[in-house]
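Subject: Structure handover

Hi,

Here is the structure we discussed, followed by my notes on what turned up in it. Please load it and read along.

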Amino acid sequence: MNEEGEQLSEINPAGSPLAGASAKAHSHGGGAGIPDSSRAGRLTSYHTADFLAITGREEDWRFTPLKRLRGLDKVTLNGAAPVIEVSKPDDVRVQSVDRSDGRIGTAGIPEDRVSAAAWEAFTEATVVTIPADFVADSEDQVTTLTLTGAGTAPAASHLLVHAERNSSAVVVLDHRGSAVVSENVEIVVDDGARLTVVSIQDWADGAVHASSQQIKVGRDAKIKHVVINLGGDLVRITPSARFAGPGGDVEMYGLYFADAGQHFEQRLFVDHAVPNCKSRVTYKGALQGQDAHSVWVGDVLIRKEAEGTDTYEMNRNLILTQGARADSVPNLEIETGLILGAGHASATGRFDDEQLFYLQTRGIPEDVARRLVVRGFLNEIIQQIKVPALEERLRDAVERELKAGAL
């Protein structure tokens, strides 16, 4: 196979990290770790050189058309980072800092070569701080960062969103324009905080975007993380959530609408490493057009220390036309039986004939019925945002997609 599509390798060849005695140690910057079949054994490092060159045979990359990464995995990322415009409440602080700032690197360590390359390349980071006890209780208190592509040379970007103790806020990352960018986003939710982060990828047609979004959730804290993929040539989002104290609550939602030729990839990881935490993952996507492709991989790890865990993940895909493809892979790894519950579900299909029949028997034409089904299917995700203006924008975007597909 070549770099254009899915790569299937032989099982544990002699030179593979899975061959022989695999080590489970993480490198944490040292490059000594070797990944094994457990999600817990993944190599992490700040250094690109610690990761082997990507061939497409790796599990993490077998669905990704590597040539369309436009060099994010291979070259120095010296292009201009997206330009950031900020709209925020007065109490929220937004700063531009250099990479030596002590807050950088507190949420997680890069888990793949592309993320590590971005880590090594960035010179400035944008830090958003929600002060302790701040409560955003109206739509005009939403913090919005509009990131507009500054060119098509491979670039790196770094963001940190920090919700301090007992704060409550909504932060929107709105990606637009043309870019070839690898982005690291750190999200730190301190004890007792409530934070919603919405990452919108509404790029121009030729954009390439790889975004590693690392989330650290404190004691009795809650994060709602929403990913919206609408535009771009290749978009690959890899959110990882880790609990740093008991009582944490993670909700991860995703919506994607892939048109002809677009590749949207979402790979999630929820790491239950402490007791009595809860996670819910719900991703939904629609696809239309020749070679529209979506990938959803959901990894949930319940470590032996994580007694009292309650987790469930779900992915649903709606194929609207011939020639589209959705790959969905839920994974659940459990190291203790002392949990409240754990499960996953995945389904990919076309229109439900019974739903269409029901609507048509009430005088609704077939084309209108089809659009109603798609709107209802995706609206479950849109309504989780709880920002009316943004929800309306996304409903309009779905409507444009439906019209473009002549559905």
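Start with arginine 236. In this predicted model, arginine 236 is buried, with a relative accessible area of 4%. Its salt-bridge partner is glutamate 265, and the closest N and O atoms are 3.4 Å apart. Glutamate 265 is buried too, at a relative accessible area of 0%. The cut-off for buried is under 20%, so both residues qualify, at 4% for arginine 236 and 0% for glutamate 265. Arginine 236 sits in strand 11 (residues 234-243) and glutamate 265 in strand 13 (residues 263-272), so the bridge ties together parts 29 residues apart in sequence.

The pair is also part of a wider network. Salt bridges link Arg236 and Glu265 with Arg42, Asp60, Glu111, Asp112, Arg242 and Arg267. Over the whole structure, the search finds 22 salt bridges.

Two more of these bridges deserve a look.

The first joins glutamate 251 and lysine 222, at 3.1 Å from N to O. Glutamate 251 belongs to strand 12 (residues 249-258) and lysine 222 to strand 10 (residues 222-231). They are 29 residues apart, and the pair links distant parts of the chain. Burial is uneven here. Glutamate 251 is buried, with a relative accessible area of 15%. Lysine 222 is partly exposed, with 26%.

The second joins lysine 284 and glutamate 380, at 2.6 Å from N to O. Lysine 284 lies in strand 14 (residues 278-287) and glutamate 380 in helix 3, so this bridge ties together parts 96 residues apart in sequence. Lysine 284 is buried, at 8% relative accessible area. Glutamate 380 counts as partly exposed, at 30% relative accessibility.

Now the sheet. Nine strands form an open sheet with mixed pairing. Their order is 1-4-6-8-10-12-14-16-18. Strand 1 (83-87) and strand 18 (341-349) are the edges, each pairing on one side only. From one strand to the next, the twist averages 10°. Within the sheet, strand 14 pairs with strand 16 (residues 310-319) in the parallel sense, over 10 bridges. Lysine 284 has arginine 316 of strand 16 as its bridge partner.

Which strands does helix 3 lie across? They are strand 12, strand 14 and strand 16, and the helix runs at about 145° to strand 14. Helix 3 covers residues 366-382, which is 17 residues. From its first C-alpha to its last it reaches 24 Å, close to the 24 Å expected at 1.5 Å a residue. Its buried residues are Ala369, Arg371, Val373, Val374, Phe377, Leu378, Ile381 and Ile382.

On to the nonpolar packing. In soluble globular proteins, nonpolar side chains tend to be buried together. The largest nonpolar core here has 52 residues. Ile130, Leu173, Ile187, Leu195, Ile223 and Met252 have the most contacts inside it. Strand 7 (residues 179-189) gives the most to this core, with five residues. What does leucine 173 touch, leaving aside its neighbours within four places in sequence? Its contacts are Leu145, Leu147, Leu159, Val185, Val197, Val198, Ser199 and Ile200. Apart from the largest core lies another, of 31 residues. Its members include Ile200, Phe257, Leu356 and Leu378.

Last, two backbone points to check. Neither residue is a glycine, yet phi is positive in both.

- Aspartate 220: phi is about 55°. The residue is in the loop between strand 9 (208-217) and strand 10. At 42% relative accessibility, aspartate 220 counts as partly exposed.
- Lysine 386: phi is near 65°. The residue is in the loop between helix 3 and helix 4 (388-404). At 59% relative accessibility, lysine 386 counts as exposed.

Over to you.

Best wishes

Note on methods:
Residues numbered from 1 in each chain as written. Predicted model: local features only at pLDDT ≥ 70, side-chain atom pairs only at ≥ 80, totals over all residues. Heavy atoms only, no water. Helix = DSSP H or I, 4+ residues; strand = E, 2+ residues; numbered from the N terminus. Expected span 1.5 Å × (residues − 1). Buried < 20%, exposed > 50% of the residue type's maximum accessible area, 1.4 Å probe, protein only. Salt bridge = Lys/Arg side-chain N within 4 Å of Asp/Glu carboxyl O. Core = buried A, V, L, I, M, F, W, Y, C linked by side-chain atoms within 4.5 Å. Contact = heavy atoms within 4.5 Å. Pairing = 2+ DSSP bridges. Axes fitted to C-alpha atoms, helices over the stretch in contact; angles between N-to-C directions.
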